[in-house]
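Dear colleague,

I am handing over the structure below, and my notes on what was found in it follow directly after.

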Amino acid sequence: MRAAVVSIAAALAMSLLADTACAYDPAGHQRASVPGRAPSPISVPLDAPSRATLQRHPVPAPGDGRTLQCEGVALSALLQASGAMPDAPLDAVHLDRYVLVTARTGDRVVFSLGELDPTLGNRPVYLLDRCDGAPLDDDGPLRLLVVGDTRPARSLYRIDAITVVAAP
Ligand SMILES: Nc1nc2c(c(=O)[nH]1)N[C@H]1C(S)=C(S)[C@@H](COP(=O)(O)O)O[C@H]1N2
Ligand SMILES: [Mo]
């Protein structure tokens, strides 16, 4: 019985990961097929219950010509909790993947998974849901804050979708 459960779980995992097709490479190289590639795109749940179990961080953020006292969750933690990014040092099968963050205004920002991996780029990127003690209302429900950016051009407001995509 136990062996049957294990083999069903293994078959499920294989069916989720078994995308071994050769991808087109714009540089003209024929990339070898790599077993164990994750599906693409992966849609990341953003609703409050999906964020509720994650560690919350205080994050100062510019807005209204001053510094707001905001709070939210780390983008890497959200991606890891949803299974869209492994909770382990990334290797070749994940380093050609990027995170596409979309606002309902149509504006978009991308990050590579390698930029976010705590063992690689380790870039602190947060998804804020409150500033100065209140929800973001018209600017929300979520806003990006990229710590270390010298201007807030990637601080996307009004985020309504995040997907993880393998580069074509
Ligand atoms: N949804 C959305 N967010 C966005 C932008 C945008 O065009 N759409 N512009 C960005 C840019 S270029 C800047 S400089 C900041 C401006 O934020 P502020 O209005 O709080 O100064 O928002 C960023 N977030
Ligand atoms: Mo800007």
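A backbone N or O atom of Ser155 lies 2.9 Å from a nitrogen atom of ligand 1. This is a predicted model, in which local features need pLDDT of at least 70 and side-chain atom pairs count only at pLDDT 80 or more, while totals for chains, interfaces and linings use all residues. Residues are numbered from 1 along each chain as its sequence is written, chains are lettered from A and ligands numbered from 1 in the order in which they are written, and side-chain values use heavy atoms, with hydrogens and water left out.

Nitrogen atoms of ligand 1 also pair with side chains: one is 3.1 Å from an N or O atom of Thr105, and a polar atom of Asp107 lies 2.7 Å from a nitrogen.

The side chain of Ser155 in turn makes a polar contact (a pair of N or O atoms within 3.5 Å; within protein, one must be able to donate a hydrogen and the other to accept it, and residues adjacent in sequence count only if both atoms are side-chain atoms) with the side chain of Arg143, at 2.8 Å. Arg143 is buried (under 20% relative accessible area, 1.4 Å probe, protein chains only) yet has no salt bridge (a side-chain nitrogen of Lys or Arg within 4 Å of a carboxyl oxygen of Asp or Glu), and Asp139, the nearest side chain of opposite charge, is 6.6 Å away.

Elsewhere, the structure holds 1 disulfide (a pair of cysteine sulfur atoms within 2.5 Å), formed by Cys70 and Cys131 with their sulfur atoms 2.0 Å apart. The torsion about their S-S bond is about 105 degrees, so the disulfide is right-handed. Both Cys70 and Cys131 are buried.

Best regards

Notes:
Buried means under 20% relative accessible area, exposed over 50%, partly exposed in between (1.4 Å probe, protein chains only). Lys and Arg count as positive and Asp and Glu as negative; His and the chain ends are not counted.
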